[in-house]
Structures are given as C-alpha cells and as structure tokens.
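Here are my notes on the chain you sent round, as numbered points. Have the structure open while you read.

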Amino acid sequence: MCGIVGYVGTENTAPILLDGLRRLEYRGYDSAGVAIQSGGEIALARAVGKLRNLERALEANPIRGTTGIGHTRWATHGRPSEVNAHPHLSGPVAVVHNGIIENHLALRARLVERGAKVVSDTDTELVAHLIHEKLREGHGGLEDAVRRALRELHGAYALAVMSRDEPGRIIVAKASSPLVLGLADDATYCGSDIPALLPYTRRMVFLEDGDLAVLERGTARITRLDGTPVERPSKEIDWSPVMAEKAGFKHFMLKEIHEQPRAIEDTLRGRLDRERGDIHGHEIGLSEDDARSIRRVFLLACGTSHHAAMTGRYYLESIARVPTTVELASEFRGRDPVIGEGDLVIAVSQSGETLDTLVAAREAKERGAKVLAIANVIGSAIPRMSDAAFYTHAGPEIGVASTKCFTTQLANLLMFSIWLGRRRGTLGDADARALVEQLARLPILMKDVVGGTRQLVMNVAKRYRDARDVLFLGRGLNFPMALEGALKLKEVSYVHAEGYAAGEMKHGPIALIDSAVPVFVLMPKDRWYDRTLGNLQEAKAREGQVIAIATEGDESAHAVSEDVIEIPLVHEALAPFLTVLPLQLYAYYVADLKGTDVDQPRNLAKTVTVE
Ligand code: G6P
C-alpha cells in the first residue's frame with residue numbers, strides 16, 4: 001500500500017526515485033509521481049497506472065536535480081487519477097504521504113474557508129496546504145512549519161516534505177505508517193520499506209512513531225515532534241539487493257516458491273538443538289518462568305499469516321498443551337475480548353506493519369497480555385511494540401501473495417511450540433528429538449517436493465485453468481492449508497475458490513460439486529487420513545475431478561483420484577510444509593496461464609496499513 005521514496009545527494013535523482021518506486025511496486029499501487037528540486041523550482045511528474053507511464057512522462061520531459069521525493073499511490077480518498085496522484089503541491093511545498101488523515105473533512109473545510117485552492121480529492125493535498133499556511137505564518141522555515149502542521153493532524157502517516165526555498169533538504173515524519181531511512185556517505189534516503197533502499201545502502205534507521213527527521217546529504221537529524229533530539233541507532237541489514245531480484249524466474253512469486261527450502265534453512269539456522277531435542281530459545285525473549293506460567297495463547301493475524309496462525313494452534317495445543325485461540329486481528333480489535341495478565345499474544349505478520357494486527361496486539365498489551373511478534377521485517381512496527389520478537393528469515397518477499405514468509409512462519413510456530421513444550425514438560429525426549437530431526441531435514445524434503453511435483457502441477461493447471469470454481473479440502477493440520485490453497489488461487493488468478501474443513505463438505509459445498517469442479521483433497525498419512533479418504537470418495541461419487549495431495553505410495557488415493565500429487569511420508573506436524581507447496585504452484589501456473597499480474601494482483605497490497 002502506498003510507497004514513499006526520497007533522496008538527497010549528489011546524483012541525478014529521477015532514476016533513483018524510479019528505481020526505488022519499482023522496488024516498492026509489490027506493495028500495490030494505481031498511480032505514481034515524483035517531485036524534484038530543479039533550478040530553484042519544484043518540478044512534478046505524475047501518471048496513472050503502472051510506473052512505465054511515469055517513466056514515459058519523465059522521458060518526454062526530463063527533470064534534473066539531486067533532491068527529490070517519489071510515491072506510488074493506492075487509492076483511499078478519491079479515485080486513481082493524475083490529479084489525485086502524489087506528490088501534492090501548495091506554494092513552495094511538495095508532499096508525499098502514506099496513511100490516512102482522519103480529520104481530513106474538518107481540515108478541508110477550514111483550509112477552504114481560509115482561501116486554500118484544493119484541487120484533488122485526497123487528504124494529502126490538505127497536508128501540503130496546511131504546511132504552506134504554517135510556513136507563511138512562521139519564521140522557522142520548513143521544519144518548524146511541518147512540526148506545527150503535524151499537531152493538527154490525526155491519523156496515520158508517513159510523510160516526506162520538501163520546499164522550493166530549502167534546497168537539499170527533505171523533512172520526514174512518521175505516525176503508524178512505516179518509514180525507513182538509509183544512510184550513505186554522500187547521500188540520505190528514505191523509503192517505506194527496506195528493499196527500496198537496498199541497492200544504495202545497507203545502513204538503515206527505523207523511525208519511531210512521533211519522530212521527525214531532517215534529511216540532508218549524508219545526514220539525518222532526528223527529533224520528537226516537540227523538538228527534543230533523539231538517537232535512533234542505525235542497523236546493518238543483511239538482505240542483499242540480489243535477494244530482491246528475480247534471478248531468472250519469470251515472476252517473484254515463482255522465485256519465492258522455489259526459495260522456500262533456503263528460507264526455511266535460514267530460519268532454522270542456529271535454533272535447533274538436535275542433541276537435546278530442543279530449541280535454542282534466547283531470541284524468543286520469554287523466560288523459563290514465563291513459559292511455565294502462560295495461561296492461554298492468542299494468535300492474532302490477517303490473511304495468509306492467519307492460516308499460519310491456525311496451524312500454530314495445532315502445534316501449541318498438541319505439543320505444549322496450552323489452550324490456544326486463533327483470531328483474525330480485524331475481528332479481535334475493538335471487541336472487548338477477555339484477555340489479560342498470564343495470557344500470551346503471538347502476533348504473526350510477514351510485514352510487521354499490518355495495521356489491524358498492530359492495533360489488536362496493542363489492545364491486548366494494554367490489558368496486561370505479553371506480546372510476542374513473529375515477523376519477517378526487522379525493526380518493523382509490530383516487533384517494535386512487542387515484548388519480544390522471534391523473526392523469520394525468509395529474506396525480502398516481493399510477490400504480494402505470500403509464499404516463503406508463510407512456510408517460515410509455520411517453522412517459527414513449530415519451533416516455539418517445541419520450546420514451550422519442553423519447558424512445560426509436555427513434550428518428552430524421544431518425541432522432541434524426532435520432531436527436531438525432521439525439522440532439520442525439511443529444506444531437502446521441500447526442495448524435492450517443489451522439483452518433483454512442478455511438472456505434474458503445471459499439467460493439472462493446464463487442464464483446469466478455465467474452471468469457474470475450485471474446492472480445497474483438508475482436515476486437522478491440513479485444513480488451514482486448504483484455506484491457503486484457495487486464498488492463493490483467488491489472489492493471483494481471480495478464480496473463485498473455497499477452502500473447507502473436509503468434514504464440513506457435506507454441510508454445504510458438496511452442492512457445488514459436479515464434473516466441472518476440480519477438488520483438491522489434502523490427505524497425507526496422519527491421524528485424520530481415513531476420514532479424509534471418505535470425503536474424497538463422496539466428492540468422487542458426485543463426479544468431482546479429484547486431485548489428491550497424498551503420501552507416496554498411497555494406493556487408495558490413486559484408485560479414486562484423477563491425479564495424485566505425492567509428498568514423502570513425514571511426521572504429521574511437518575506435512576503442511578509439503579502439502580502447501582503444490583497448491584502455491586497450482587495458483588501460480590493458473591495465474592500465469594491466464595496472464596494476470598501475478599506479482600501485483602489487482603486491488604491487493606502487500607503491506608496493509610489501512611483498516
Ligand atoms: C496482505 C498481503 C497478504 C498477507 C496479509 C497479512 O493482504 O497481500 O499476503 O497475508 O496482508 O499481512 P502480514 O504482513 O500481516 O502477514
């Protein structure tokens with residue numbers, strides 16, 4: 001959702017801004033623009049649609065200058081159009097903004113009454129007018145004007161502001177929306193996310209809510225809104241720029257599906273204690289006493305992360321025997337839930353910035369619960385507000401539809417459950433060793449499954465690419481995988497799909513089944529196997545086209561299915577890591593065959609910072 005980049009340095013800024021925006025494309029957007037300080041003026045270029053259009057506008061009318069701000073907009077206030085695209089200007093002031101200004105109606109009325117000429121439908125333009133007004137009233141220059149304007153704004157924002165009259169300077173401020181600074185010797189950068197800045201610097205500073213920073217070439221001076229100086233230590237980010245490139249794959253999604261063995265390996269590294277059958281828990285940030293005294297766990301998440309959280313409940317209950325609830329963060333917040341001291345909230349979020357998850361976790365914390373974040377982006381908002389953070393190490397995930405972040409979340413949830421189970425005495429030595437051993441083998445198994453099933457899944461995708469509806473059924477640990485299979489397909493190929501608990505099929509979705517409906521049945525050999533096989537037969541009896549995802553050598557699956565996609569026999573806790581892989585591939589291939597925008601599906605955003 002909305003991407004911001006900014007650059008103050010010595011190089012020509014337009015290509016740097018465009019490159020940064022391209023690296024933020026995955027966040028989702030529908031228009032884009034840049035403002036550049038050029039020859040004592042601020043020159044503007046904006047375009048609706050993909051960045052290519054902005055690039056063309058800049059080719060037709062090049063703008064040269066060494067300080068600039070850029071933006072990709074995901075429409076909230078006002079439709080996607082050039083006039084609504086950022087940057088917005090008022091007098092000497094140019095502004096880009098990510099977030100929502102909640103008091104925009106009152107602000108608009110006040111500004112118009114005082115003579116501002118508002119031309120767009122956006123809340124951001126009002127910010128530009130307000131800063132301009134403060135600039136006219138005061139004598140402290142842009143920094144002071146931004147500071148005074150911010151006092152009148154309610155809501156979420158990451159802002160970057162420039163003035164024609166203050167060359168070589170960008171003012172940025174943050175409240176709830178993400179903003180990262182990048183420091184180099186001869187330049188300072190800002191961006192909504194790490195990948196935008198990676199090719200230029202690895203030295204990053206994460207701003208806190210309520211921070212304002214003045215960026216000049218090679219420096220960033222950070223203060224609180226009231227002017228008090230603060231130190232925010234810089235962090236070296238170990239993601240390489242190459243990790244955020246396609247490496248010969250047609251799409252990021254396909255690359256990221258293939259990267260999962262590596263992502264899991266990185267996520268497990270240094271955390272498995274194979275000798276003792278335990279997890280090295282120092283990063284988890286909870287004490288042994290905490291582990292023993294936790295009363296209940298609440299898993300909070302949205303979207304794909306919610307499916308990982310649903311799987312996490314099985315792990316926590318069966319391995320650590322702790323009562324666990326899974327909640328959609330958007331439903332949990334504001335519901336007045338019964339939660340407090342002794343409860344642990346695990347907020348699961350690849351971006352670490354999803355607003356609903358952030359607010360839900362904050363509400364739980366205010367009531368006395370401890371919060372543990374499972375996130376992929378170091379220093380992002382959710383880990384920052386949490387008591388502890390247990391990071392996944394998937395590397396940058398660029399495809400909007402989450403794949404490698406999902407399986408690394410499963411890995412962290414399983415590791416956490418083992419750690420907890422050991423401390424609570426619910427997981428014995430032999431079981432623990434077996435689990436840890438299998439976890440260690442997971443990267444190889446995942447690699448075999450991706451490589452070994454790819455061709456078959458592509459053939460299945462070719463056969464069913466025009467199916468109007470697709471069903472995914474699973475039980476137990478594979479029920480969330482059925483939901484995830486359906487979500488992936490919806491997200492990237494726009495095909496209607498339903499994920500169902502296999503036992504629920506006869507309470508509704510069975511009515512959908514006929515010879516035109518492909519039904520994926522997830523049925524690894526586990527404690528639910530026999531019942532799932534029964535459901536497969538029910539689907540078959542209604543002429544459904546059954547594609548089984550089953551354990552190697554499962555004759556029954558072969559006897560009743562059109563296709564069987566095989567996975568190796570593993571401990572049942574590990575099966576979801578494998579069953580989900582062909583589902584991700586299926587969604588990808590159908591989308592590719594249909595020619596959709598796989599990495600940036602319509603209407604979706606990678607980081608959802610609105611409610
Ligand atoms: C968006 C993304 C999904 C993601 C969800 C939750 O909808 O497109 O891929 O699962 O947000 O995001 P989070 O960053 O909290 O995991």
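1. Starting with the contacts: of those in the chain with a separation of 6 or more, 72% are between residues 24 or more positions apart. Keep in mind throughout that this is a predicted model.

2. Overall dimensions next. The radius of gyration is 25 Å, which agrees with the value near 25 Å that a compact globule of 611 residues would have. Along the principal axes, the C-alpha atoms fill a box of roughly 80 × 55 × 45 Å. Buried residues account for 62% of the 611 in the chain, and the secondary structure comes to 19 helices and 26 strands.

3. Now the open sheet. Five strands make it up, paired in parallel and ordered β23-β22-β24-β25-β26. At the edges sit β23 (496–501) and β26 (563–567), each pairing on one side only. From one strand to the next, the twist averages 15°.

4. If you want a spot to zoom in on within that sheet, try β24 (residues 518–523) and β25 (residues 545–551), which pair in the parallel sense over six bridges. Leu-522 has Ile-549 in β25 as its bridge partner. Two helices pack on the sheet as well. Helix α16 (residues 479–493) touches β22 (469–474), β23 and β24, and its direction makes about 175° with that of β23. Helix α19 (residues 575–594) touches β22, β24, β25 and β26, with its direction at about 160° to that of β24.

5. On to the nonpolar cores. In soluble globular proteins, nonpolar side chains tend to be buried together. The largest core here has 91 residues, and those with the most contacts inside it are Ile-346, Leu-414, Phe-416, Phe-472, Phe-577 and Tyr-586. Phe-472 is worth a click: leaving aside neighbours within four places in sequence, its contacts include Ala-482, Leu-489, Tyr-500, Phe-520, Leu-583 and Tyr-586. There is also a second, separate core of 35 residues, with Tyr-26, Ala-32, Leu-51 and Ile-194 among them.

6. There is a hairpin to look at too. Strand β2 (residues 31–38) and strand β3 (residues 41–48) pair in the antiparallel sense, over eight bridges. One of the pairs puts Ile-36 opposite its bridge partner Ala-43 in β3. Two residues lie between the strands, and Gly-39 in the turn has a positive phi of about 55°.

7. How covered is helix α5 (residues 141–150)? Mostly: seven of its ten residues are buried. These are Leu-142, Glu-143, Ala-145, Val-146, Arg-147, Ala-149 and Leu-150, so look for Glu-143 and Arg-147 as well as the nonpolar side chains in that list. Among the elements covering the buried residues are α4 (124–137), β7 (155–163), β8 (170–175), β12 (211–216) and β13 (219–224).

8. Last, the cysteines. How many disulfides does a search of the whole structure find? Zero. For Cys-2, the nearest cysteine sulfur is that of Cys-190, 14 Å away. Cys-2 counts as buried because its relative accessibility is 8%, under the 20% cut-off. Cys-302 is in no disulfide either, and its nearest cysteine sulfur, that of Cys-405, is 15 Å away. With 22% relative accessibility, Cys-302 counts as partly exposed.

How values were computed:
Residues are numbered from 1 along each chain as its sequence is written. This is a predicted model: local features need pLDDT of at least 70, side-chain atom pairs count only at pLDDT 80 or more; totals for chains, interfaces and linings use all residues. Side-chain values use heavy atoms; hydrogens and water are left out. A disulfide is a pair of cysteine sulfur atoms within 2.5 Å. Buried means under 20% relative accessible area, exposed over 50%, partly exposed in between (1.4 Å probe, protein chains only). Helices (H or I, at least four residues) and strands (E, at least two) are DSSP runs, numbered from the N terminus. Contact means heavy atoms within 4.5 Å. Two strands pair if DSSP finds at least two bridges between them. A nonpolar core is a set of buried Ala, Val, Leu, Ile, Met, Phe, Trp, Tyr and Cys residues joined through side-chain atoms within 4.5 Å. Axes are lines fitted to C-alpha atoms, for helices over the stretch in contact, and angles run from 0 to 180 degrees between N-to-C directions. The radius of gyration is taken over C-alpha atoms; the globule rule is 2.2 Å times the number of residues to the power 0.38.
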